[in-house]
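Subject: Handover of a structure

Hello,

I am passing this structure on to you. Please look through it first; my notes on what was found follow below.

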Amino acid sequence: MTENPTIPLAKLPLGQTHRVSWAPAAAQMRKLADNLDLIDLRKLRAEVTLSPRGDTDWHMSVGWGATVIQPCVVSLAPVKTRLEETNALTFTANMPQIDESEAEMPEDDGLEPLPEVIDLNDVLREMISLALPAYPRAEAAQLDATVFGPPGIAPMTDEDAKPFAGLAALKDKLDGQD
């Protein structure tokens, strides 16, 4: 298990596959948690495999797991989620140039420009941010309806705003008269 979250690609021999196991220190996890607006980040581990592709490029597979604690979107109570994923990136020296006037999503969304050094903090921050639940919700959290209206006027509810419900009731009533 390495302490250093950086991998200097220029110093790696191209003819072989390289494996790195990494678990960040508590301070690094706290920094990642703060950067991702998490309440807490625990048990982050990554298994990285770097394989050469041709003379200059590298393929990186990252199997990672983390326990994240986010605020509930309803009650702000802590919501704990265990994430386990495997992601892949390809670092290439010949990154295709994209004309910004007609930019489209490339077929290979894991294609990245070849850096001198891969920072696992940056790689995992992006992977975790893409895997986070968008709307974490505590089990007991409920969103209660609140209805407001001016004094002396009955407030409009969600049911009142469904005009076709009234038409369906009218249709049923007319069908029953035949």
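Arginine 82 is partly exposed, because its relative accessible area is 40%. This is a predicted model, and the values in this email are computed from it. The salt-bridge partner of arginine 82 is glutamate 84, with 2.8 Å between the closest N and O atoms. Glutamate 84 has a relative accessibility of 54%, so it counts as exposed.

That pair belongs to a wider topic. Side chains of opposite charge can pair when their charged atoms come close. Across the whole structure, a search finds six salt bridges. One of the others links arginine 125 to aspartate 122, where the closest N and O atoms are 3.0 Å apart. Both of these residues sit in helix 2, three residues apart, which is about one turn of the helix. Arginine 125 has a relative accessible area of 27% and is therefore partly exposed; aspartate 122, at 37%, is partly exposed as well. Elsewhere, Arg30, Asp34, Asp40 and Arg42 are joined into one network by salt bridges that share partners. Within that network, arginine 42 bridges to aspartate 40, and their closest N and O atoms are 2.9 Å apart. Arginine 42 counts as partly exposed because its relative accessibility is 37%.

Aspartate 40 also leads to the strands. Its bridge partner in strand 4 is isoleucine 69. Strand 3 and strand 4 (residues 57–71) are antiparallel and pair over twelve bridges. Three residues lie between the two strands in this hairpin, and glycine 54 there has a positive phi near 70°. Strand 3 (residues 40–53) is also joined to strand 2 (residues 18–22), again antiparallel, by five bridges. On that side, valine 20 has valine 48 of strand 3 as its bridge partner.

Two residues that are not glycine also take a positive phi. Lysine 43 has a value of about 50° and belongs to strand 3. With a relative accessibility of 56%, lysine 43 counts as exposed. For aspartate 37 the phi is about 60°. Aspartate 37 is in the loop that runs between helix 1 (26–35) and strand 3. Its relative accessible area is 64%, so aspartate 37 is exposed.

Next, the empty space. Rolling a probe the size of a water molecule over the atoms shows where empty space is left. The largest pocket holds about 380 Å³. It is lined by 19 residues, of which Leu89, Glu112, Val123, Glu126 and Met127 are the closest to its centre. Which element gives the largest share of the lining? Helix 2 does, with seven residues. Strand 5 (78–92), strand 7 (117–119) and helix 2 (120–131) each supply at least two lining residues.

Last, the surface. Phe164, Leu167, Leu170 and Leu174 make a nonpolar surface patch of about 440 Å². One of these, leucine 170, is placed in helix 3 (residues 163–177). Is leucine 170 buried, partly exposed or exposed? Its relative accessibility is 45%, and the exposed class starts over 50%, so leucine 170 counts as partly exposed.

Regards

Technical notes
Residues numbered from 1 in each chain as written. Predicted model: local features only at pLDDT ≥ 70, side-chain atom pairs only at ≥ 80, totals over all residues. Heavy atoms only, no water. Pairing = 2+ DSSP bridges. Helix = DSSP H or I, 4+ residues; strand = E, 2+ residues; numbered from the N terminus. Patch = residues over 30% accessible without salt bridge, like charges linked within 9 Å, V, L, I, M, F, W, Y side chains within 5 Å. Areas by Shrake-Rupley, 256 points an atom, 1.4 Å probe, with all protein chains shown as cover. Salt bridge = Lys/Arg side-chain N within 4 Å of Asp/Glu carboxyl O. Buried < 20%, exposed > 50% of the residue type's maximum accessible area, 1.4 Å probe, protein only. 1 Å grid on protein atoms, 1.4 Å probe; cavity = no way out; pocket = protein on both sides within 12 Å on 5 of 7 lines; lining within 4 Å. Points joined across faces, edges and corners; volume = space filled by probe spheres on them.
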